[in-house]
Amino acid sequence: MYALGRLPFPVVWALGGSLGAIGLLFAGSRRAVARRNLEICLPDAEPAERERILRAHFWWLGVAALSQGVGWGISRARLARLVQIRNRETIDACIAERRPVIVLVPHFIGLELGGAAFTGLVHSGVYMYQKIRDPVVDRQVKRARRQYGSVSIERQDDLRGLIREIKRGTPFFYLPDQDGGRRGVFAPFCGVPASTVPMLGRFAAMTGAVVIPTFARFLPWGRGLELIFDPPLDPFPSGDPQSDAAAMNRVIEHRIRSMPEQYFWVHRRFKTRPPGDPPIYPAKRRR
């Protein structure tokens, strides 16, 4: 992965996209999940358009997979060549004033390289980290994410350290839009109740942080990546977990409409259903 990351990015784009296109043919269950998500979230699109988005999505998944090594030990000079930053004025002002900031980073597939771009070109930050089982991969990923001074806090750690870091003015990277299971609240996502972890509103209330939605978008033909800062959530938080979760989901929906190929469609976003509602995805086959 490290060696691939040293290749010119158009080569990474071509190799990764080709790998993703081949992967689509063999990705049975994940292909079915992505197709079902697209039916739910883009109901007004023609079936042929949804199939085009599905094929493009797997292309970009392959690009994201082979891009992992790009961020490992990448120099700021190369980051500056690869990444275009859009609308950074608000976050620059918050950082300059040492205001608490939560960087809301939904699961678009460029987020790993986007994280490297943020820490290398904007500011170091703090993030919650789920330990990876393979110790070699775990060490390399942690090393890459800390290369520009970022701080990692494992999910099971005492959150008081995280709250102190946010209040100190260290931007906190928050990845919100995975299925929240039974600990989540049900908030609309593309018109369907989705279990959503309600922590964003709680973190914002505890720290007084500004929440800035941030999106990473791969550019076509291997031209690099855009790191896009949207306007802060305002008013936020409301004090109501469901209202805050719904506000967060609306922001993500808005960006899905502008870059649907690069949302993480292979995730079972609607896995947890409200009591009494039928499952959305077909049951997994047992071997």
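These are my notes on the pocket, the cavity and one hairpin of a predicted model.

Ground rules. I number residues from 1 along each chain as its sequence is written, and side-chain values use heavy atoms, without hydrogens and water. Local features need pLDDT of at least 70 and side-chain atom pairs pLDDT 80 or more, while totals for chains, interfaces and linings use all residues.

Pocket. I looked up the largest pocket (on a 1 Å grid over the protein atoms alone, an open set of points with protein on both sides within 12 Å along at least five of seven lines). Its volume, the space filled by probe spheres set on the points, is about 1400 Å³. I found 49 lining residues (an atom within 4 Å of a point), and those closest to the centre include His 107, Glu 112 and Arg 145. The lining has 31 nonpolar, 13 polar and five charged residues. Helix H7 gives the largest share, eight residues.

Cavity. I then checked for cavities (sets of points where a 1.4 Å probe fits but cannot get out) and got one of 30 Å³ or more. The largest cavity holds about 50 Å³. Among its lining residues I noted His 107, Asp 177, Phe 189 and Arg 269.

Hairpin. Phe 189 has Val 192 in S7 as its bridge partner. I see strands S6 (residues 185-189) and S7 paired in the antiparallel sense over five bridges; pairing takes at least two DSSP bridges. Two residues lie between these strands, and Cys 190 has a positive phi near 55°. In S7 (residues 192-196), four of five residues are buried (under 20% relative accessible area, 1.4 Å probe, protein chains only).

Technical notes
Ala, Val, Leu, Ile, Met, Phe, Trp, Tyr, Cys and Pro count as nonpolar, Asp, Glu, Lys and Arg as charged, and the others, Gly among them, as polar. Buried means under 20% relative accessible area, exposed over 50%, partly exposed in between (1.4 Å probe, protein chains only).
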